[in-house]
Amino acid sequence: MPIVPDQKDWTWVLSRPCPECGFDASAITPATTPGTLASMLPRWRAVLRRPDASERPDQNTWSAVEYACHVRDVFTLFDYRLDLMVTEDNARFEDWDQDRTAVEQDYAGADPAAVSAALTAEGEQIAASFSRVPEQDWGRTGTRSNGSEFTVLTFAQYFLHDVVHHLHDVDG
């Protein structure tokens, strides 16, 4: 059975802590993002080594592998968007249908070991990209197709919430 798409606007996490996963965006900057990512990558790898990593906990919830595929793709997409923000004035982001991507790329049938390697590589890549952003560029802007506006600072915060929240989803 297909997963019901998440239609929530999660940008509210920029103004208050997430009651589900405990993430507090106010503690994050682009400079702290690489270290935070580095601490989470081993946890993602451990999740993907679990014998039940490919099993959905129920018919309405992604498996750990599906969440990890999503996070891997978030790493890739946000790295691209971060590059746009630091190289273009008032960058604009194309829409990304995460649910369509999950079906088209067969997240449910993905090999956990392959996903683990790719997630690690993409996570290290975006961590390196954030580490290269000088503080004077934290105010550079980007706008998502739905009109949500970000600075590099709020983009880092929003991005990390996604990664932390999904790790909470698979740990819980």
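Which residues does Thr120 touch, leaving aside residues up to four places away in sequence? They are Leu41 and Arg45. Hello everyone, and a quick reminder before I go on: what we are looking at is a predicted model.

Let me stay with Thr120 for a moment. Thr120 sits in helix H4, which covers residues 112-131. Its relative accessibility is 12%, and because buried means under 20%, Thr120 counts as buried. The contact with Arg45 has a polar part too: the side chains of Thr120 and Arg45 make a polar contact at 3.1 Å.

Further along in helix H4 we find Ser129. Ser129 is also buried, with a relative accessibility of 12%. Its contacts, again not counting residues up to four places away in sequence, are Asp79 and Leu82. Both Asp79 and Leu82 are among the H2 residues that meet H4, which brings me to how those two helices pack.

We describe two packed helices by the angle between their axes and the distance between the axes. For H2 and H4, the axes come within 9 Å and cross at roughly 25°. That makes H2 roughly parallel to H4. The crossing of H2 past H4 is left-handed. If you have the structure open, look at the residues that meet here: from H2 they include Val65, Ala68, Phe75 and Phe78, and from H4 they include Val115, Leu119, Ile126 and Phe130.

H2 has another helical partner, H5. Here the axes come within 10 Å and cross at roughly 175°. So H2 is roughly antiparallel to H5. The contact involves, among others, Tyr67, His70, Val74 and Met85 of H2, together with Phe155, Tyr158, Phe159 and His166 of H5. Some H2 residues turn up in both helix contacts: Phe75, for instance, meets H4 and is also part of the contact with H5.

Now, on to the sheet. How many strands form it, and in what order? There are three, arranged E1-E2-E3 in an open sheet with mixed pairing. The edges are taken by E1, residues 91-93, and E3, residues 149-151; each has a single partner strand, so one side of each is left without a neighbour in the sheet. From one strand to the next the twist averages 25°.

Let's go through the pairings. E1 and E2 run parallel and are joined by three bridges. One pair to look for is Arg92, whose bridge partner in E2 is Thr143. On the E3 side, E2, residues 141-144, is also joined by three bridges, and there the strands run antiparallel. Thr143 appears again here, standing opposite Glu149 in E3. That puts Thr143 across from Arg92 of E1 and Glu149 of E3. Thr141, meanwhile, stands opposite Thr151 in E3.

The hairpin of E2 and E3 has four residues between the strands, and in it Gly147 takes a positive phi near 100°.

Finally, how do the helices sit against the sheet? Helix H2, residues 64-87, packs on the sheet and touches E1, E2 and E3, with its direction at about 160° to that of E1. Helix H5, residues 152-171, lies across E1, E2 and E3 as well, running at about 105° to E3.

So, to pull the picture together: H2 packs on the sheet, lies roughly parallel to H4 and is roughly antiparallel to H5. Thanks, everyone, and I'm happy to go back to any part of the model.

Conventions. Residues numbered from 1 in each chain as written. Predicted model: local features only at pLDDT ≥ 70, side-chain atom pairs only at ≥ 80, totals over all residues. Heavy atoms only, no water. Buried < 20%, exposed > 50% of the residue type's maximum accessible area, 1.4 Å probe, protein only. Polar contact = N/O pair within 3.5 Å; in protein donor to acceptor, adjacent residues only side chain to side chain. Contact = heavy atoms within 4.5 Å. Pairing = 2+ DSSP bridges. Axes fitted to C-alpha atoms, helices over the stretch in contact; angles between N-to-C directions. Parallel < 35°, antiparallel > 145°, perpendicular 65-115°, else oblique. Left-handed = near helix turned anticlockwise from the far one by under 90°.
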